[in-house]
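Colleague: Got a minute for this one? I'd like to go through the charged pairs, then the strands, then the cysteines.

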Amino acid sequence: MMNIGIDVGGMTIKSGIVDENCNIIETLIIPTEVEKGFEKIAQNMVDMINNIVKKAKLTLNDIDTIGVGIPGVADENGKIHFATNLYWADVDLGKILRDNFPSQKIYVENDATVACVAEYSFGSIKGVKNAIMLTLGTGVGGGIIINGEKYSGSNGIGSEIGHMVINNGDNFYECSCGNNGCFETYCSALAIIKYAQKLLEDGAYSEKLKDMKKEDITAKLIFEGYEEKDDLCVKVVDRFIDNLSTGIANLINIFAPEFITLGGGVSNSYNLYIDELYKKVQEKIIFKKLPFARIVKAQLGNDAGIIGAAMLK
């Protein structure tokens, strides 16, 4: 039997059919179209599931489970309490999927948690007893493994690491959750871009970004500028590293994991900032003379969300 894994992001929804050995045998990607609202997106997901099954020349009878990773929190029945970056609150994705696919088992879980499960099973933290995954993308997500088991907390609302407040009231913009100072507003790709845009608006000069339209600035360009020692880009990335080290040090002080693995688009620049990140984390942890978590790069890339969602039971 095959399983379907779906990874819902702010820009795209990725789906994959995964075989019994967790190999992805078919994929399909559609735009999320956040502005069209939950009902439309849910219908698009239903259509996508039917289409990927046809694309793989299978039938629904070949599919055992459908797992979905969402950027938010959901209960065991698949009702989503909130997904702030999608502007969803109290929506029942699980029911819609069960109504359309009554013969399949349906699971809905936090996207960073499912990516963490995949990395634990096949990737950078395989077999590690205690580990944390941070997904540094449009937002910041978190997955936690404790004693070899994923941790979602009471009511499925645990591991919302991106909304850990690390500088209360100190940031120049508020998080989509309504708070000010969330980890996500310092260490996501969006946060990096927003800070660069703010500096430019305030009159700072950047050789790297001088000819760029505001809306065309990307985190990738900023990291390129950091490597090229562009003053503005260095200031932006230094701020990112400092705040990422604060968040990671907090997690180490609380959980003492063996590994912290970094995924998401911002992890593509891992080699540029890892040495400075290690240095700052060591300055901020409590037990400075004891070994502390290795900070590694996730190995499964964009496939982690699909594989992890397909593994949900």
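Modeller: Let's start with Glu224, which forms a salt bridge with Lys208; their closest N and O atoms are 3.1 Å apart. By salt bridge I mean a side-chain nitrogen of Lys or Arg within 4 Å of a carboxyl oxygen of Asp or Glu.

Colleague: Where do Glu224 and Lys208 sit in the chain?

Modeller: The pair links distant parts of the chain, 16 residues apart. Glu224 is in helix H6 (residues 219-227), and Lys208 is in the loop between helix H5 (189-201) and H6. Helices (H or I, at least four residues) and strands (E, at least two) are DSSP runs, numbered from the N terminus.

Colleague: What kind of model is it, and how are residues numbered?

Modeller: It is a predicted model, with residues numbered from 1 along each chain as its sequence is written. Local features need pLDDT of at least 70, side-chain atom pairs count only at pLDDT 80 or more, totals for chains, interfaces and linings use all residues, and side-chain values use heavy atoms, with hydrogens and water left out.

Colleague: Back to the pair. What is the relative accessible area of Glu224, and of Lys208?

Modeller: Glu224 has 26%, so it counts as partly exposed. Lys208 is partly exposed too, at 24%. The cut-offs are under 20% relative accessible area for buried, over 50% for exposed, and partly exposed in between (1.4 Å probe, protein chains only).

Colleague: Which residues are in the salt-bridge network?

Modeller: Salt bridges link Lys208, Lys220, Glu224 and Glu228 in a network.

Colleague: How many salt bridges in the whole structure?

Modeller: The search finds 13. One of them joins Lys95 and Asp99, with the closest N and O atoms 2.9 Å apart. Both residues lie in helix H2 (residues 93-100), four residues apart, about one turn of the helix.

Colleague: Is Asp99 buried or exposed?

Modeller: Exposed, because its relative accessibility is 51%. Lys95 is partly exposed at 44%.

Colleague: What about Asp202?

Modeller: Asp202 forms a salt bridge with Lys198, and the closest N and O atoms are 2.8 Å apart. Asp202 is exposed, at 55%. Lys198 is partly exposed, at 28%.

Colleague: New topic. What is the strand order in the open sheet?

Modeller: The order is E5-E6-E7, three strands with antiparallel pairing. The edge strands are E5 (73-74) and E7 (88-92), each pairing on one side only. Pairing here takes at least two DSSP bridges between the strands.

Colleague: How many bridges join E6 to E7?

Modeller: Four, with E6 covering residues 79-83. Ile80 has Val91 as its bridge partner in E7. For Phe82, the partner in E7 is Ala89.

Colleague: And the hairpin of E6 and E7: what sits between the strands?

Modeller: Four residues. In that hairpin, Tyr87 takes a positive phi near 65°.

Colleague: Last topic. How many disulfides?

Modeller: Zero. A disulfide needs a pair of cysteine sulfur atoms within 2.5 Å.

Colleague: Why is Cys187 not in one?

Modeller: Because the closest cysteine sulfur, in Cys182, is 11 Å from the sulfur of Cys187, too far for a bond. Cys187 is also buried, with a relative accessible area of 0%.

Colleague: And Cys233: how far away is the nearest cysteine sulfur?

Modeller: That sulfur belongs to Cys187 and is 17 Å away, and Cys233 is in no disulfide. Cys233 is buried, at 0%.
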